Amino acid sequence: MKFRKSLKILLLLSFCTQFPHLFAYNIDYMQTIINAEDNALKFIEELKGGARGKVSLVQDALGNKFCVKQYKIYDVDNEFGTVRAVLASIVAESLDIPINRVRIIPAHRAFAGKYFEGRVATLHTFVEGSLVKYLKLPYEVSIRLKYKEDMPTNKRGLTYPIIQSMSFHKDLPVIVAFDTFVSNSGRHRKNLFYNKQSDRFCGIDLEQAGRKPFDMNYSQISYYNMKELFQNSQFKLSNREKAALKLFHKTLKELIKKNPPEKFHTILDQLVDQTGFKKKGYFSSGQEIPCNVELYVKRYKIRISQQYASAQKLAAFLDKVL
Ligand SMILES: Nc1ncnc2c1ncn2[C@@H]1O[C@H](COP(=O)(O)OP(=O)(O)O)[C@@H](O)[C@H]1O
Ligand SMILES: [Mg+2]
């Protein structure tokens, strides 16, 4: 059994070396190293800079890099964040969206780079480049979807300034469409990389996807703002901005096509099983936090369906005005 696992790793490694461009997003390889006891991953260093996460850089025998992430604070919402992140990663995989890939490392699994034993963690593809926050780019990249109760509609969700930002690079409308679809409010400049060599952006940090605002989602919020914007007779998009919004729209429609809510219901159950959370009564197999996991998961399934219906409504509106 052990021999077969090692052989599988070797075969995958040789495949990855032959096709290095495919390696970064090789999910099979990630899952294999999570499952294998003898995966030869080594802890390299802690990556600082996140607010809530403990992130380690780890490396395999060939020098391929990954990140291992856990939350500093141990609570239900943070532990379930691992599941939200993998679900969002699966959405990104459906269209090859430039976002790091994420998989669950079960609570009981000893793993290089884990700070808190007995608690769930996530394995991430490593993103090369620099965080946008620390770069001087010739244009303003400000694409975070925001919502506060006291904000005017034109500052919530997809806004005109975000469309302006999106118009500067072809990756940005795609990333904003993804964040809208999975309802992710975390796309600030420390969760977005830019790689000068490849001239590509890539997002990280998906635990916020499908989390806040609790009773709403960003497709719905953006729909209200787009409706208000397009009703204003003074409002006019430049050709470049219009092209960016069209790419946003096209991406949103493709995400809708490839990610119906039913796809995630079974996956969600499987992910919760992988974490090691107990199904009833307690949340984790480590220090136990009381939580009815079944109820938590049931509510999240409803949320996924609501987000999907709102994305359809937003896409249908853009169909009419674009
Ligand atoms: N996949 C990754 N590739 C490269 N660096 C990463 C990756 N994930 C995290 N990091 C580094 O670790 C820091 C914190 O990670 P992040 O996931 O944003 O944690 P937090 O939830 O605390 O904000 C990031 O700012 C980045 O520097
Ligand atoms: Mg972050």
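## Helices α8 and α10

In this predicted model, helix α8 (residues 239–258) meets helix α10 with the two axes coming within 10 Å and crossing at roughly 140°. An angle over 145 degrees would count as roughly antiparallel; α8 and α10 are therefore oblique to each other. The crossing of α8 past α10 is left-handed.

On the α8 side, H249, L252, K253 and I256 make the contact, and on the α10 side A311, Q312, L314, A315 and L318 do so. Sorted by class, these residues are six nonpolar, two polar and one charged.

## A closer look at A315

One residue of that contact deserves a visit of its own. A315 belongs to helix α10. Is A315 buried or exposed? With 24 other C-beta atoms within 10 Å, A315 is buried, since 20 or more is the cut-off for that label.

Leaving aside residues up to four places away in sequence, A315 touches H249, L252, K253 and I256. These four are also the α8 residues of the helix contact described above. Another link reaches across the chain: S219 stands 96 residues from A315 in sequence, yet their C-alpha atoms are 8.9 Å apart in space.

## Helices α9 and α10

Helix α10 (residues 293–321) also packs with helix α9 (residues 261–275), here at an angle of about 155° and with the axes 10 Å apart. The two helices are therefore roughly antiparallel to each other, because angles over 145 degrees are classed that way. Their crossing is right-handed, whereas that of α8 and α10 is left-handed.

Which residues of α9 and α10 make the contact? From α9 come P261, F264, H265, L268 and V272, and from α10 come V293, V297, Y300, K301, I304, S305 and Y308. In this contact of α9 with α10, nine residues are nonpolar, two are polar and one is charged.

## The five-stranded sheet

Now to the strands. Five of them form an open sheet in the order β1-β2-β3-β5-β4, paired in the antiparallel sense. The edges are taken by β1 (42–47) and β4, and each has a single partner strand, so one side of each lacks a neighbour in the sheet. On average, and ignoring direction, neighbouring strands are turned by 30° against each other.

At one edge, β1 runs antiparallel to strand β2 (residues 53–59), joined by five bridges. Within this pair, E45 has L57 of β2 as its bridge partner. At the other edge, β4 pairs with strand β5 (residues 121–125) over four bridges, again antiparallel, and V102 is matched with H124 of β5.

## Strand β4 and its cover

Although β4 is an edge strand, both of its faces are covered. Along residues 102–105, V102 and I104 point to one side and R103 and I105 to the other, and all of them are buried. Helix α4 (residues 76–95) lies across β3 (65–71), β4 and β5, and runs at about 140° to β4.

## The three-stranded sheet

A further open sheet has three strands in the order β6-β7-β8, with antiparallel pairing. Its edge strands are β6 (130–131) and β8 (200–203), each pairing on one side only. Two bridges hold β6 and strand β7 (residues 192–195) in antiparallel register, and the partner of S130 in β7 is Y194.

Note on methods. Residues are numbered from 1 along each chain as its sequence is written. Chains are lettered from A and ligands numbered from 1 in the order in which they are written. This is a predicted model: local features need pLDDT of at least 70, side-chain atom pairs count only at pLDDT 80 or more; totals for chains, interfaces and linings use all residues. Axes are lines fitted to C-alpha atoms, for helices over the stretch in contact, and angles run from 0 to 180 degrees between N-to-C directions. Angles under 35 degrees count as roughly parallel, over 145 as roughly antiparallel, 65 to 115 as roughly perpendicular and the rest as oblique. A crossing is left-handed if the near helix is turned anticlockwise from the far one by less than a right angle, and right-handed if clockwise. Two residues are in contact if their C-beta atoms, placed from the backbone, lie within 7 Å. Ala, Val, Leu, Ile, Met, Phe, Trp, Tyr, Cys and Pro count as nonpolar, Asp, Glu, Lys and Arg as charged, and the others, Gly among them, as polar. A residue is buried if 20 or more other C-beta atoms lie within 10 Å of its own, exposed if 12 or fewer, and partly exposed in between; C-beta atoms are placed from the backbone. Two strands pair if DSSP finds at least two bridges between them.
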